[in-house]
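Trainee: I am new to this model and would like a close look at a single part of it, its interior. Please begin there and then show what lies around it.

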Amino acid sequence: MQSQKFIVDAMLGKLARWLRILGYDTLYSNNYEDWKILKIAEETKRVIITRDRGLCIRARKKNLECFFVYSSEDLIDILAKLSKKYKIDLNADPNFSRCTECNGVLEKIDDNKWKCTKCGKEYWKGSHWRTIENTLIKARSKIKNNESRAISSS
C-alpha cells in the first residue's frame, strides 16, 4: 500500500483511476464541490490535484498541498510530474492496486484475479494490462528524458 493520499477534482477522473491502479488512496467524485474538497483534504491530509486555479489558490491559503494541472498536459505529462514531485512509483502491481471504481483495497482471489473488498468488482490481468504498462513506461521515460536534458544543460 502506498502512503501518499490524494483527492482529485471532477475534471481529472481519468487521473484518479490511474493513481488507484498505482495503489494510491485517491478520493474522487464528480459531485465534490470545492469547499468539500478543501474540507476532506484538510481532515485527511490529502494532496489536492486540480485543474481549477481558484481551488488551488484557496487550498494554498489554507496551507494545504495542491498540485495544479494545466489543461495542455496529457496523462503521461501529469504522471511524470506527480512522480517527480511526490515520489510516486510508476510501476503497477495489482497486488497493491486499489479499485478504480470505489478506491477500495483489492484482495487476491487466485493467480490472476483480484476482487475489491469494498464494492466486489473483479479485476484480472487481461490484454488491457499491456496498455497500462506502456503508458507507465512512457511516463518513466519522460522523467528520464527531462533529467538527462537538465544534466546536459548544466
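Mentor: Once neighbours within four places in sequence are set aside, Ile88 is in contact (heavy atoms within 4.5 Å) with Phe6, Leu19, Leu22, Tyr24, Leu82 and Ser83. The model is predicted, so that local features need pLDDT of at least 70 and side-chain atom pairs count only at pLDDT 80 or more, while totals for chains, interfaces and linings use all residues. Residues are numbered from 1 along each chain as its sequence is written, and side-chain values use heavy atoms, with hydrogens and water left out.

Ile88 belongs to the largest nonpolar core, which has 28 residues. A nonpolar core is a set of buried Ala, Val, Leu, Ile, Met, Phe, Trp, Tyr and Cys residues joined through side-chain atoms within 4.5 Å; buried means under 20% relative accessible area, exposed over 50%, and partly exposed in between, with a 1.4 Å probe and protein chains only. Besides Ile88, the residues with the most contacts inside this core are Leu15, Leu19, Ile49, Leu79 and Leu82. Two or more residues come from each of β1 (5–8), α1 (13–21), β3 (47–50), α4 (75–86) and α5 (128–152). These elements are DSSP runs numbered from the N terminus, with helices (H or I) of at least four residues and strands (E) of at least two. The greatest share is that of α4, with seven residues. There is also a second, separate core of twelve residues, among them Ile37, Ile40, Leu55 and Cys56.

Ile37 and Ile40 lead to helix α2 (residues 34–44), whose buried residues are Ile37, Leu38, Ile40 and Ala41. These four lie on the same side of α2, because they cover an arc of only 165° around the axis, the arc being that of the directions from the helix axis to the C-beta atoms. Their cover includes β1, β2 (25–28), β3 and α3. On the face turned away from the buried side, α2 carries the exposed residues Trp35 and Glu43. Just after α2, Lys45 has a positive phi of about 55°.

Two asparagines also have positive phi. Asn63, with a phi of about 60°, sits in the loop between α3 (53–61) and β4 (66–68) and is exposed, at 73% relative accessible area. Asn103, with a phi near 75°, is placed in the loop between α4 and β5 (106–110) and is buried, at 6% relative accessibility.

Beyond that loop comes an open sheet of three strands in the order β5-β6-β7, with antiparallel pairing; two strands pair if DSSP finds at least two bridges between them. Its edge strands are β5 and β7 (122–124), each pairing on one side only. Four bridges join β5 to β6, and Asp110 stands opposite Lys113. Strands β6 (residues 113–116) and β7 share three bridges; Trp114 is partnered by Tyr123, and Lys115 by Glu122. In a regular strand, side chains alternate between the two faces of the sheet. Along β6, Trp114 and Cys116 point to one face and are buried, whereas Lys113 and Lys115 point to the other and are not. The hairpin of β5 and β6 has two residues between its strands, while that of β6 and β7 has five, and there Gly120 takes a positive phi near 85°.
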